[in-house]
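Got the viewer open? Let's take a short walk through this one, stop by stop.

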Amino acid sequence: MESVAIEDRRIAAGYERDIGIFNLEEEKLIGTLTGHTSNVMALHFCPDDPNMLFSGSLDRKCNLWDLRSEGLLSSVTNASACRVLHYDPLNHIIVTSSGT
């Protein structure tokens with residue numbers, strides 16, 4: 001497991017290229033997000049909408065997922081690997097870093 005994000009009732013865990021979504025109360029896997037081509041390194045639940053999740057990967061992509069449909073809403077390719085990300089709800093921007 002490379003990355004973890006915790007929301008009130010759910011946890012997102014990156015394992016290699018996939019992201020597992022787990023229900024904390026029921027302690028079970030409730031969804032899997034696929035679409036990265038390299039290890040997922042960063043995860044962040046959107047504070048404006050807990051059904052949205054940002055992910056960053058060594059494939060240089062920062063993805064926005066809809067957890068209700070398990071679908072990819074948007075993807076941005078960075079100049080380098082996305083190892084760290086943070087969403088600023090005040091300005092509605094996502095900041096990414098390669099961590100180097």
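Before we start, one rule to keep in your pocket: a disulfide here is a pair of cysteine sulfur atoms within 2.5 Å. Also keep in mind that you're looking at a predicted model.

**Stop one: two cysteines**

Select C82 and C62 and show their sulfurs. How far is the sulfur of C82 from the closest cysteine sulfur? That neighbour is in C62, and the gap is 4.9 Å, so it's too far for a bond. While you're there, check how hidden C82 is: its relative accessible area is 0%, so C82 counts as buried.

**Stop two: one more cysteine**

Now select C46. Its closest cysteine sulfur is in C62 as well, but 11 Å away, so again no bond. C46 is buried too, with a relative accessible area of 9%. What does the disulfide count come to by this rule? Zero.

**Stop three: the sheet**

Switch to cartoon view and find the open sheet of four strands. Walk across it and you'll meet them in the order β1-β2-β3-β4, with antiparallel pairing. Which strands sit at the edges? Select 3–6 for β1 and 28–33 for β4: each of these pairs on one side only. Neighbouring strands in this sheet are turned by 20 degrees against each other on average, ignoring direction.

**Stop four: β3 meets β4**

Select residues 18–23, which is β3. This strand runs antiparallel to β4, and the two pair over five bridges. In general, strands of a sheet pair through backbone hydrogen bonds. To finish, click on G20 and look across: T32 in β4 stands opposite.

Methods
Residues numbered from 1 in each chain as written. Predicted model: local features only at pLDDT ≥ 70, side-chain atom pairs only at ≥ 80, totals over all residues. Heavy atoms only, no water. Pairing = 2+ DSSP bridges. Axes fitted to C-alpha atoms, helices over the stretch in contact; angles between N-to-C directions. Buried < 20%, exposed > 50% of the residue type's maximum accessible area, 1.4 Å probe, protein only.
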